[in-house]
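Good morning, colleagues. Please take a moment to look at the model on the screen before I begin.

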Amino acid sequence: MRLMKTLLVAFASLFCLLYGLQNLMNLDAAFSFVQLTLSMQGHTLYPASIGPAFTSDVIIWLVLGIIILLELLAGFLILRGAYDMFRELKGSSERFQQAKHFAALGLSLAVLIWFGLFSAIGGAYFQMWQTQTGSTALEGAFWYSMQLSAVLLILLQKDSEDLID
């Protein structure tokens with residue numbers, strides 16, 4: 001089970017790092033998506049909003065930069081956790097539990113990205129669901145946050161001494 005938890009954590013790290021790197025490799029497309037979201041273009045079902053749209057390129061680049069930075073930070077924190085867990089695979093239950101620290105921190109950050117930023121702020125405030133592109137992104141954010149939450153919940157389960165001989 002310890003090995004399986006470590007592998008799940010390693011894949012979660014890969015997930016976050018790949019999304020951050022893909023955004024960097026497709027910077028213009030990522031900018032266009034954030035621009036579409038923040039500008040609230042194409043909102044015909046709920047045309048009024050409780051707050052303003054944002055169209056400033058500076059703000060759009062800042063938001064995109066924060067998203068990419070957080071994706072990469074989550075990925076590196078989780079990777080550090082996977083490394084620590086791998087080193088403690090045969091250690092005591094207490095040491096293996098302590099080795100989960102960075103993985104739990106990174107996974108929590110990843111859930112905040114895809115649930116907090118994309119679903120709560122993007123979906124509720126910026127009403128992403130009103131456009132096809134935004135709706136597709138919200139669907140993905142739901143799956144990502146659920147998958148990462150599941151890994152986090154599995155990770156946080158206590159391990160007993162007798163799991164590893």
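I shall speak about the nonpolar core, then a helix kink, and finally two loop residues.

This is a predicted model, in which local features need pLDDT of at least 70, side-chain atom pairs count only at pLDDT 80 or more, and totals for chains, interfaces and linings use all residues. Residues are numbered from 1 along each chain as its sequence is written, and side-chain values use heavy atoms, with hydrogens and water left out.

The largest nonpolar core (buried Ala, Val, Leu, Ile, Met, Phe, Trp, Tyr and Cys residues joined through side-chain atoms within 4.5 Å) contains 41 residues. Val9, Leu107, Trp114, Phe118, Leu148 and Leu155 have the most contacts inside this core. At least two core residues come from each of helix 1 (2-25), helix 2 (27-39), helix 3 (57-87), helix 4 (93-99), helix 5 and helix 6 (132-156); helices here are DSSP runs of H or I, at least four residues, numbered from the N terminus. Helix 3 gives the largest share, ten residues.

Consider Leu148. Leaving aside residues up to four places away in sequence, Leu148 touches Ala12, Phe15, Leu107, Ala110, Val111 and Trp114, a contact being heavy atoms within 4.5 Å.

Helix 5 (residues 101-125) has a kink of about 30°, centred on Gly116; the bend is the angle between axes fitted to the seven residues ending at a residue and the seven starting there.

Which residue takes a positive phi just after helix 5? That is Gln127, at about 55°, in the loop between helix 5 and helix 6. Gln127 is not a glycine, and is buried (under 20% relative accessible area, 1.4 Å probe, protein chains only) at 13%.

Met40, likewise not a glycine, has a positive phi of about 60°. Met40 lies in the loop between helix 2 and helix 3 and is buried at 12% relative accessibility.

How values were computed:
Buried means under 20% relative accessible area, exposed over 50%, partly exposed in between (1.4 Å probe, protein chains only).
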